[in-house]
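Please work through the exercises below with the sequence and the coordinates open. Each task is followed by a solution in steps.

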Amino acid sequence: MKQVFSGEVYEMLPISHGIIFSYRKDTVDNRVIVFYKMLSFDTGRFTDITKNIYLLTKFGNNYKAVASLCDNYITVKSIVLTGGKVFLLEPDGTARLLDADASPIWTGELKYRSNAPSDIGIYKNALWACYAQSNVLLRFNLATMREELRIGGSRSPFNRPQDMFIDGENVMVSNSGSNKLTQLNLNSYSVFDYETFDEPVYQYVRVEDYRFVILKSGLYLI
């Protein structure tokens, strides 16, 4: 494992032949200054990118209209769906499905026992959400937004799950409580611990043959 960027990294976004990430550049008068970088696999180098490139990657072609609807475009979770639709999840659990023109199709909440999800993902037209306070993953019917399945609970394989990365038929869950990556097969629902770190893990991404994690101390290639 190799640290490729030190400091407070907020989010990684996979792109073709690389990743984009947001990070805390500085704090001025209690105001956090956020910058953005791209790591290209072709050159092996970091380059600074604009906010608009970050927003385009996160929200799709209509990124300005979508970003204007978010309380905070850094902390909101997003999934760009087919046809330009976008699913948004705010930190308080408020969720919205937007059409390609950013008009609302559905608005509601995804709370479980009064707790908001920490992340969301799509697999086979179902929406998955992980809940850090409850140590569960829930599956929702994307058409009705009704809960269909729950994994975890009092005896859970998850420990403060912060992030999910769906890779084929598996989802990699980043557990900040146990410092572990846990793999869940979304067809058989088999679970096993994939990797353990020395500090909390907040996000995992795989692009091509490269795997990255955000840990408390920064961004790492594993």
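The exercises treat two pockets, two sheets and one hairpin.

The model is predicted, with local features requiring pLDDT of at least 70 and side-chain atom pairs pLDDT 80 or more, while totals for chains, interfaces and linings use all residues. Residues are numbered from 1 along each chain as its sequence is written, and side-chain values use heavy atoms, without hydrogens and water.

**Exercise 1. Characterise the largest pocket and its lining.**

Step 1. A pocket is an open set of points on a 1 Å grid over the protein atoms alone, where a 1.4 Å probe fits and protein lies on both sides within 12 Å along at least five of seven lines; lining residues have an atom within 4 Å of a point. Volume is the space filled by probe spheres set on the points, which are joined across faces, edges and corners. For the largest pocket the volume is about 600 Å³.

Step 2. The lining has 23 residues, and Y10, T75, K77, S118 and Q162 are the closest to the pocket centre.

Step 3. Two or more lining residues come from each of β2 (9-15), β14 (161-167), β18 (201-207) and β19 (210-215). Strands are DSSP runs of E with at least two residues, helices runs of H or I with at least four, numbered from the N terminus. The most is given by β2, with three residues.

Step 4. By class, 10 lining residues are nonpolar, seven polar and six charged. Here Ala, Val, Leu, Ile, Met, Phe, Trp, Tyr, Cys and Pro count as nonpolar, Asp, Glu, Lys and Arg as charged, and the others, Gly among them, as polar.

**Exercise 2. Describe the second largest pocket in the same terms.**

Step 1. Its volume is about 490 Å³.

Step 2. Of its 21 lining residues, L13, P14, S78, I79 and I120 lie nearest the centre.

Step 3. At least two lining residues are supplied by each of β2, α1 (51-59), β6 (77-80), β10 (119-123), β14 and β18.

Step 4. The lining divides into 12 nonpolar, four polar and five charged residues.

**Exercise 3. Establish the strand order of the sheet that contains β6 and its edges.**

Step 1. Four strands form an open antiparallel sheet in the order β6-β7-β8-β9; strands pair if DSSP finds at least two bridges between them.

Step 2. Since β6 and β9 (104-109) each have a single partner strand, one side of each is left without a neighbour in the sheet.

Step 3. Neighbouring strands are turned by 10° against each other on average, direction ignored. Axes are lines fitted to C-alpha atoms, for helices over the stretch in contact, and angles run from 0 to 180 degrees between N-to-C directions.

Step 4. Within the sheet, β7 (86-89) and β8 (94-98) are joined by four bridges, and L88 has R96 as its bridge partner.

**Exercise 4. Repeat the analysis for the sheet that contains β14.**

Step 1. The order is β14-β15-β16-β17, open and antiparallel.

Step 2. The edge strands β14 and β17 (191-196) pair on one side only.

Step 3. From one strand to the next, the twist averages 25°.

Step 4. Five bridges join β16 (180-185) to β17, with V191 the partner of L184.

**Exercise 5. Analyse the hairpin of β10 and β11.**

Step 1. The two strands, β10 and β11 (126-131), pair in the antiparallel sense over five bridges, and D119 stands opposite C130.

Step 2. Two residues lie between the strands, and K124 takes a positive phi near 50°.

Step 3. Four of the five residues of β10 are buried, so β10 is largely enclosed by the rest of the structure. Buried means under 20% relative accessible area (1.4 Å probe, protein chains only).

Notes
Buried < 20%, exposed > 50% of the residue type's maximum accessible area, 1.4 Å probe, protein only.
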